[in-house]
Amino acid sequence: MKTIDLKAHLQLDMALGEVLQKRRTNRDCQSKQLDEEVLSTLLWACAGITDEDGRRTVPSTMDLRAVTSYVLRADGAWRYNAAQNCLEQTTDKDVREVSTVRQFDYVKTAPVTIVFVADKERSKTARPTGVYVDAGTMGQNCYLAATAMGLAGCIRASFDHEELRKAINLTEYLEPILLFTVGYPK
């Protein structure tokens, strides 16, 4: 499968108070593909590495780092490798439609859905709710970064976890648990 090296993330300059004031769920987006720097910034915001010891932009239960980001686009599903700042393809099929049980037009129009995937093996020493807290934090960072960049986005949890897991070729101990769908607003 393919690998895509991402460009460096953008500097987010909007003040936190302004971002919090403007943050809204918005499902009305264009189908235009996100610029590479924009996608890189979203991924960095939700799971980027911020220093030499591997710490990320989000907290992690017991520092297990048991939630990984994947990207769904028309050209397939991709695992975000934060250490290398690249995307690693897991399938070349457009599986965005599998990421919903009722918002088919929205997820097919939006160019990107970020999938937060829990590693059940890595997280088995933590409380079961830890990965959900971690994924929620990652999703909130996506919302804040998207708002700062003027994007439309929506966090989602209505999907068939097992079907999505199979569609993006994940092993049985990896489970998609939360989604963030995003694009340029209309």
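A residue counts as buried when its relative accessible area is under 20%, as exposed when that area is over 50%, and as partly exposed in between (1.4 Å probe, protein chains only). By that yardstick Thr41 is buried, with a relative accessible area of 0%. The structure here is a predicted model, in which local features need pLDDT of at least 70, side-chain atom pairs count only at pLDDT 80 or more, and totals for chains, interfaces and linings use all residues. Residues are numbered from 1 along each chain as its sequence is written, and side-chain values use heavy atoms, with hydrogens and water left out.

Thr41 is a handy place to start. This residue sits in helix H2; helices (H or I, at least four residues) and strands (E, at least two) are DSSP runs, numbered from the N terminus. Leaving aside residues up to four places away in sequence, Thr41 is in contact (heavy atoms within 4.5 Å) with His9, Leu10, Leu12 and Met149. Its side chain also reaches the backbone nitrogen of Leu10 at 2.6 Å, where a polar contact is a pair of N or O atoms within 3.5 Å; within protein, one must be able to donate a hydrogen and the other to accept it, and residues adjacent in sequence count only if both atoms are side-chain atoms. Leu12 is 29 residues away along the chain, yet the two C-alpha atoms are separated by 8.5 Å.

Now for the sheet. Seven strands form an open sheet in the order S1-S4-S3-S2-S5-S7-S6, with antiparallel pairing; two strands pair if DSSP finds at least two bridges between them. Strands S1 (3–5) and S6 (152–156) stand at the edges with a single partner strand each, so one side of each has no neighbour in the sheet. From one strand to the next, the twist averages 25°. Strand S3 (residues 76–81) and S4 run antiparallel and are joined by five bridges, with Asn81 partnered by Cys86 in S4. Helix H2 (residues 36–47) packs on this sheet, touching S1, S2 (67–73), S3, S4, S5 (112–119) and S7 (174–183), and its direction makes about 155° with that of S2. Such angles run from 0 to 180 degrees between N-to-C directions, using axes that are lines fitted to C-alpha atoms, for helices over the stretch in contact.

Thr91 belongs to strand S4 (residues 86–91) and is buried too, at a relative accessible area of 4%. Its side chain reaches the backbone nitrogen of Lys93 at 3.3 Å. Residues touching Thr91 from further along the sequence than four places include Met1, Asp75 and Asn169.

Over at S7, 10 of its 10 residues are buried. Eight bridges join S7 to S5 in the antiparallel sense, and Val117 has Pro176 of S7 as its bridge partner. S6 and S7 are also antiparallel, over five bridges, and here Arg156 is matched with Leu179 in S7.

Helix H4 (residues 130–148) lies across S2, S5, S6 and S7, at about 10° to S7. The end C-alpha atoms of H4 are 27 Å apart, in agreement with the 27 Å expected of 19 residues, where the expected span is 1.5 Å times one less than the number of residues. Gly150 follows H4 with a positive phi, near 75°.

Finally, the cysteines: the count comes to zero disulfides, a disulfide being a pair of cysteine sulfur atoms within 2.5 Å. The sulfur of Cys46 has its closest cysteine sulfur in Cys142, 4.0 Å away, which is too far for a bond. Cys46 is buried at 0% relative accessible area, and Cys142 is buried at 0% as well.
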